[in-house]
Amino acid sequence: MEILGVDIGGSGIKGAIVDTETGELKTERIRIPTPQPATPQAVAETLKQLVDQLNYKGPIGCGFPARVIGGVVLTAANIDESWIDVEVEKLFSKVTGQEVYVANDADVAGLAELSFGAVKDYRGPVLFLTVGTGIGSALFINGQMYPNTELGHIKMKGDSAEKYCADSAREREGLTHEEWAKRFNKYLKKVTFLLQPDFVVMGGGISKKFEKYQEYLTVNTKVIPARTLNLAGIIGAAMYCKTKLK
Ligand code: BGC
């Protein structure tokens, strides 16, 4: 089955049609800059533009950078405040004229890795982290997801850990990969101590540069890069949509 998967991020809205049997992209990946301010209506219209560019009709899966339960946005750490309590599935379905399913961006990206990536079909405990503007988390065991965790928000230096060691902190503070990785390693120590997964899978933009910082990650859990790299969000969104259609 081919489904449009869309990854809604702070700087770009990216999508492609995905073959949900193989995880392959069936079209080019389209990226449209996220409108600023990224209000619900503006983002919905950008999504419609993406759907139109691909000339797509059918169900759509979206990864969204917030806690999303029952089609409603509940948090707004790195997105416009006006998103809180928005019925995002209804809004996107209405504006695009298609059936749209929305879930947390890290949860869906983790699903892609479990379906086709670094932990394909693995049944043990896995923590997936997506590191970009924020830090998103997804937890899996026995192939099942424990959804809507927010482990990027554990406290470090008096604030959310993502403020200290997301990729945006590296850019904002001009850190070298080594400096950033040493911070991130402290974060990993905390989360792996609390959860002790068999694997930590690193996704997001930073997963493409794994060899630049791998040596500084010294936790006693295997830390591996996502295999679907920065396409995880798109592939996983389509996979999530498929689970909702069954
Ligand atoms: C949000 C999460 C999201 C993560 C990655 C965090 O700031 O709270 O819901 O998964 O950023 O986008």
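Colleague: By class, how many charged residues does the shell around the ligand have?
Modeller: This is a predicted model, in which local features need pLDDT of at least 70 and side-chain atom pairs count only at pLDDT 80 or more, while totals for chains, interfaces and linings use all residues. Residues are numbered from 1 along each chain as its sequence is written, and side-chain values use heavy atoms, with hydrogens and water left out. Around the ligand stand 13 residues, each with a heavy atom within 4 Å of it. Beside four nonpolar and five polar residues, the charged ones (Asp, Glu, Lys and Arg) number four.

Colleague: Which residue has a polar side-chain atom 2.5 Å from an oxygen atom of the ligand?
Modeller: A polar contact pairs N or O atoms within 3.5 Å, and the side chain of N78 reaches a ligand oxygen at 3.0 Å. The side chain of N104 also has an N or O atom 3.0 Å from a ligand oxygen. The residue at 2.5 Å is D105.

Colleague: What share of the ligand's accessible area does the protein cover?
Modeller: On its own, the ligand has 310 Å² of accessible area, computed by the Shrake-Rupley method with a 1.4 Å probe. The part covered by the protein is 94%.

Colleague: Is E87, which pairs with K90, buried or exposed?
Modeller: E87 and K90 form a salt bridge (a Lys or Arg side-chain nitrogen within 4 Å of an Asp or Glu carboxyl oxygen), with their closest N and O atoms 3.3 Å apart. K90 is exposed at 56% relative accessible area, where buried means under 20%, exposed over 50% and partly exposed in between (1.4 Å probe, protein chains only). E87, at 41%, is therefore partly exposed.

Technical notes: Polar contact = N/O pair within 3.5 Å; in protein donor to acceptor, adjacent residues only side chain to side chain.
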